[in-house]
Amino acid sequence: MDIHNLDFNHLKKNLNNAPQGYPGPGATKIALLSDTASQFIVQALQGYAIEFGAAYELFEANYNQIDSQVFDPSSELYRFEPEFVVIVRSTERLLDAFYKEPSRLKPSFAEEQTAHILSLYETIKRKLKSRVIITNFPEIDDGVFGNYANKTPYSFLFQLRKLNVSLMEMARAQPDCLVCDVATLVHRLGYASAFDPKMYINASMVFSLELLPWLAKSIHELIQATKGHFKKALILDLDNTIWGGTIGDDGVEGIQIGELGLGKIFTGIQKWVKELVRRGILLAICSKNDEEVARALFVEHPDMILRMEDIAIFVANWENKVNNIRYIQEVLNIGFDAMVYLDDSTFEREMVTKAIPEITAPSLPEDPAQWLIYLRELNLFETTSFTEEDKNRNAQYHDAAKRVAVQRTFENEDEFLQSLKMSSEVHPFDSFSIPRIAQLSQRSNQFNLRTVRYSEAEVSDIAANPQYLTLSFTLKDTYGDNGLIAFVVLKQEKEGLFIENWIMSCRVLKRGMEKFMLQCLTEAALSGGQTRLIGEYLPTNKNGLVKDHYHKLGFIPNADGRWTLELKGATTGISATPVPDAALGSPSYAAVHIQKK
Amino acid sequence: MEKEQIMQQVNAIFIDVLENPDIHIDANTKADDVAEWDSLHHIQLVVAIEKHFKVKFTTREILNWRNVGDLCSSVSAKLSAK
């Protein structure tokens, strides 16, 4: 259901309609610490999770117990061992603290607060592996200095704004610290609607019932993004969605973009989409149009902001959109739940969501002038990382499209793979690769043997731990550089080297990477005196692709569900008899034509 | 609006917010008489009643209510002052 129709009472009723056994043993454990009364925040967050099929086990600290829970090593917080700690601090309490401060100390108030919040974070991190979500502070001017508040460090407003910026700097430096932007939520709703003084006076609650669903949504989305659930692609309709009018009726010159008619609205939307592309969101076009005419418009129309190079896949034809979106899904190789579909037509949206319920298709308001405001509010593109590779993600799919075209002209797969002149850089994890590895572990769902998600801090720990052997892989070919596309984490265990994680980007399937990786693994294991590899496949509803992975590589199944490969005497480790396709039900891995760099 | 009508609509809000279809309130009903009516629900009730009748109560008014009758009188006074 759309957040705009979700009121607090509805969320609260969800608590009574939770599935049997909720939250259940697999639930995400969240501790909520607040300096004001938090019962409603907890109820809203639970109700929101139930609404969207998540399960949270919540620990709610007593009222105003942030410091005592964090600084007492034997507190309930540490016994609960949460995956996430959410710290909710209020501007109202902050103001009280500011007023208590003697004048001479007021100019350093933000600094002191930042140091305090950092010490909360560091204390938690010393004992727990949790991610820490901290709310920032909605802006209020106490009216003591008037506009002069902007000119003096002795004003509350001056210190408040400084503190919000310091929180961002802190989050930038601390990999497991996330900021929940309550300031923006309050700003959108307006302080008069977001803060109900009656609730504050009578019950010490700082968030109105109207704000609570938005707060729950924000916390929920941060948590889900950390767990790898976020949007990766945007599918756009064309006519009346990214320009006004239709090519068919108005002609290429008559569509509204730029200064023509309502063009300004659509230029605004295109600029927004362009920023998403720069952030790493994949862009797909899905339109009922003549393909050549539609493509020409992206090349020739002087006012277009989006251009062909921004688009990963372009589908324009007269088929129904459900089939076209299924095709787009196949090419991009990501789940429907990672896709947003924008279309002005309610009919098309309903047809698509009926056939593909996992896809997100926002119910755009009637007036296109409202769309951008509406879309921003929905917070569709939550993420927990941004790396160099995100910046040219769409271009990597262009290379993929070219490769597919060339592949058709070769006699066989082998010949094609040779022609690609592939090379791979293989390294243990280092400071350059760590952020990318963390991101890959969060993004990959299909080629992911055990679906272990790592934060940057966890990857750093593993890289530094002598118990672990790590390898990262890039892949370059004649069509382009795919960047870092795979990694393995091996843990030294009594029986041998256990493959704790084996993850590969689906962009490089059918390239022989799997066998190449095993070669490198084998070399690394043997040179470290190890003679046995142990693999494990943990099924999820997304990683069926690799259920036969170890079988295909010649591993032998154990009674405990794990797989073993003996390396004794072997130098390649892949001399095991190839497994025929028919026995697997899926094609075996391509041969290795990759040069190690 | 007649007092009777206000009471009926307030009753409907109680049923919705407290999630109990059997609640029947009258002018003398106090928080102690309704099992689900605790301090948290009280906030929800006040917000729901304000929203429904498009009125705003003052903090003092809310503190002075002794029973549902007082609550409805506040609503009635605000509606007739509109």
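Is Phe8(A) buried or exposed? In this predicted model, Phe8(A) has a relative accessible area of 2%, and since buried means under 20%, the residue counts as buried. Phe8(A) belongs to helix α1 of chain A, and the residues around it come from both chains: leaving aside residues up to four places away in sequence, Phe8(A) touches Phe40(A), Gln43(A), Ala44(A), Leu209(A), Leu212(A) and Pro213(A), and also Gln44(B). Far along the chain from this residue is Val489(A), 481 residues away in sequence, and the C-alpha atoms of Phe8(A) and Val489(A) are separated by 44 Å.

The helix that carries Phe8(A) runs over residues 8-16 of chain A, and Asn9(A), Leu11(A), Lys12(A) and Asn14(A) are buried in it along with Phe8(A). The cover over these buried residues of α1(A) includes α2 (39-51) and α11 (212-226) of chain A, and chain B contributes α1 (3-17) and α2 (39-53). As general background, an α-helix has 3.6 residues a turn, so residues three or four places apart point the same way. Beyond this helix, in the loop between α1 and β1 (28-34) of chain A, lies Pro23(A), which is joined to Tyr22(A) by a cis peptide bond with omega of about 0 degrees.

From this starting point the view can be widened to chain A as a whole. Chain A contains 24 helices and 18 strands, and its C-alpha trace spans about 80 × 70 × 50 Å along the principal axes. The radius of gyration of chain A is 27 Å, which agrees with the value near 25 Å for a compact globule of 597 residues. Of those 597 residues, 54% are buried, and among the contacts with a separation of 6 or more, 72% are between residues 24 or more positions apart. The accessible surface of chain A comes to about 26200 Å², and carbon and sulfur atoms account for 51% of that area. Chain A has 62 positive and 77 negative charges, whose mean positions are 4 Å apart.

Two further buried positions in chain A illustrate its interior. Gln159(A) is placed in helix α7 (residues 156-173) and is buried, with a relative accessible area of 1%. Its contacts, not counting residues up to four places away in sequence, are with Phe98(A), Lys106(A), Pro107(A), Ser108(A), Phe109(A), Ala110(A) and Pro153(A). Ser424(A), by contrast, is found in a strand, β10 (residues 422-424), and is also buried, at 0% relative accessibility. Apart from neighbours within four places in sequence, Ser424(A) is in contact with Phe473(A), Thr474(A), Leu475(A), Met513(A) and Phe516(A), as well as with Ile594(A), Gln595(A), Lys596(A) and Lys597(A).

Cysteines deserve a separate word. Cys286(A) is buried with a relative accessible area of 0%, and Cys520(A) is buried with a value of 3%, while the structure holds zero disulfides over all chains.

Chain B, which supplies part of the cover over α1(A), has four helices and zero strands, following the pattern α-α-α-α along the sequence. For its 82 residues a compact globule would have a radius of gyration near 12 Å, and the 12 Å of chain B agrees with that value. The C-alpha atoms of chain B fill a box of roughly 35 × 25 × 20 Å along the principal axes. Of its residues, 45% count as buried, and among contacts between residues at least 6 apart in sequence, 51% join residues at least 24 apart. Its accessible surface is about 4800 Å², with 51% belonging to carbon and sulfur atoms, and the mean positions of its 9 positive and 13 negative charges are 12 Å apart.

Backbone geometry offers a last point of attention in each chain. In general, most residues other than glycine have a negative phi, and most peptide bonds are trans. Glu81(A), however, has a positive phi near 50 degrees; this residue lies in the loop between α4 (76-80) and β3 (84-88) of chain A and is exposed, with a relative accessible area of 55%. In chain B, Glu19(B) likewise has a positive phi of about 50 degrees although it is not a glycine. Glu19(B) is placed in the loop between α1 and α2 of chain B, and with a relative accessible area of 30% it is partly exposed.

Notes:
Residues are numbered from 1 along each chain as its sequence is written. Chains are lettered from A and ligands numbered from 1 in the order in which they are written. This is a predicted model: local features need pLDDT of at least 70, side-chain atom pairs count only at pLDDT 80 or more; totals for chains, interfaces and linings use all residues. Side-chain values use heavy atoms; hydrogens and water are left out. Helices (H or I, at least four residues) and strands (E, at least two) are DSSP runs, numbered from the N terminus. The radius of gyration is taken over C-alpha atoms; the globule rule is 2.2 Å times the number of residues to the power 0.38. Buried means under 20% relative accessible area, exposed over 50%, partly exposed in between (1.4 Å probe, protein chains only). Contact means heavy atoms within 4.5 Å. Accessible areas come from the Shrake-Rupley method with a 1.4 Å probe; for residues, only the protein chains shown count as cover. Lys and Arg count as positive and Asp and Glu as negative; His and the chain ends are not counted. The place of a charge is taken as NZ of Lys, CZ of Arg, CG of Asp or CD of Glu. A disulfide is a pair of cysteine sulfur atoms within 2.5 Å.
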